[in-house]
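Good morning, colleagues. Please look at the chain on the screen while I take you through its main features.

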Amino acid sequence: MRHNGLGFLTRMTASPTISVERHPWQPFVPPTAKILLLGSFPPPRARWSMDFYYPNFQNDMWRIVGLLFFGDQNHFVLPHAKAFDYDKITAFCSATGIALYDTATAVRRLQNNASDKFLEIVDPTDIETLLAQIPYCTIVAVTGEKAAETAAAQLHCATPAVGAYVDCPHHAVRLYRMPSTSRAYPLALERKAAFYATLFRAAGLLA
């Protein structure tokens, strides 16, 4: 999949000696989606275990989702492989109503890693354009500090605290800020899952 050109807004100050990296995927936007999950940007390709969002096998997003919806944190893990199951994840998200993208469509990596701290946003995503494609979506949820700050600027609202939300009256959505699912974020998987359970219940996706 290739970047589809969504969201090229005002170019931010960037380091000219570091090459620009474009987003590798198109937004995943099932038409009946009720929630839009936004990270910051995919990790370097060498860390992918699949060609989809949250691809790093050390990231616990799909373990959290598996635990909450199926009672099994390994539900989306391929048997006998250190990889996530692309087909199972995309089918689940389509059926459940979960859209995914990131808050940046182009970045510069100031260091060759996945840390938001060393991620320079060149082109932020036009979230309004994404929301226009998913009219049933009432919740935008971001994972991590940089994603939260970038989304809040786009939605013209305050940046919520971790585990909290703010209303975005200009866009008729709520912006939730969730704990990062990276293992670098110092919180046990079960405690992160509790935050995400609240989010998915608010969207009507989890009983």
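I begin with the interior. The largest nonpolar core holds 58 residues, and the members that touch the most others are Leu36, Trp62, Leu100 and Leu175. Helix 5, residues 189–202, gives this core its largest share, six residues. A second core of five residues is separate from it, and includes Phe41, Ala104, Val107 and Leu119. Please bear in mind that this is a predicted model.

Let us take Leu100 as an example. Which residues does Leu100 contact, once its neighbours within four places in sequence are left aside? They are Pro27, Phe28, Leu36, Leu37, Phe52, Tyr53, Tyr54, Trp62 and Cys93.

Now for the chain as a whole. The secondary structure consists of five helices and eight strands. Their order along the sequence is β-β-α-α-β-β-β-α-β-α-β-β-α. Of the 207 residues in the chain, 53% are buried. If we consider contacts with a separation of 6 or more, 65% of them join residues 24 or more positions apart. The exposed area of the chain is about 9700 Å², of which carbon and sulfur atoms supply 52%.

I turn next to helix 2, which spans residues 86–96. At its start, a side-chain oxygen of Asp85 comes within 3.2 Å of the backbone nitrogen of Asp87. Which residues of helix 2 are buried? They are Ile89, Thr90, Phe92 and Cys93. Because these four cover an arc of only 160° around the axis, they lie on the same side of the helix. The general background is that an α-helix has 3.6 residues a turn, so residues three or four places apart point the same way. The buried residues of helix 2 pack against helix 1 and against strand 3, residues 98–102. On the other side of helix 2, Asp87 and Ala95 are exposed. After the helix comes Gly97, with a positive phi near 100°.

Positive phi values also appear in residues other than glycine, and I would like to show two of them. Tyr54 has a phi near 55°, and His80 has a phi near 60°. Tyr54 is placed in the loop between strand 2 and helix 1, while His80 belongs to the loop between helix 1 and helix 2. Are these residues buried or exposed? Tyr54 counts as buried because its relative accessibility is 11%, under the 20% limit. His80 counts as exposed because its relative accessibility is 88%, over the 50% limit.

Finally, I come to Asn59. This residue sits in the loop between strand 2, residues 35–39, and helix 1, residues 61–70. Asn59 has a relative accessible area of 13%, and is therefore buried. With which side chain does the side chain of Asn59 make a polar contact? The partner is the side chain of Thr181, at 2.7 Å. Not counting residues up to four places away in sequence, Asn59 touches Tyr54, Phe84, Thr181 and Ser182. Tyr54 thus appears once more: this residue is among the contacts of Leu100, and Asn59 touches it as well.

That concludes my presentation, and I thank you for your attention.

Definitions and conventions: Residues numbered from 1 in each chain as written. Predicted model: local features only at pLDDT ≥ 70, side-chain atom pairs only at ≥ 80, totals over all residues. Heavy atoms only, no water. Helix = DSSP H or I, 4+ residues; strand = E, 2+ residues; numbered from the N terminus. Buried < 20%, exposed > 50% of the residue type's maximum accessible area, 1.4 Å probe, protein only. Polar contact = N/O pair within 3.5 Å; in protein donor to acceptor, adjacent residues only side chain to side chain. Contact = heavy atoms within 4.5 Å. Arc of directions from axis to C-beta. Areas by Shrake-Rupley, 256 points an atom, 1.4 Å probe, with all protein chains shown as cover. Core = buried A, V, L, I, M, F, W, Y, C linked by side-chain atoms within 4.5 Å.
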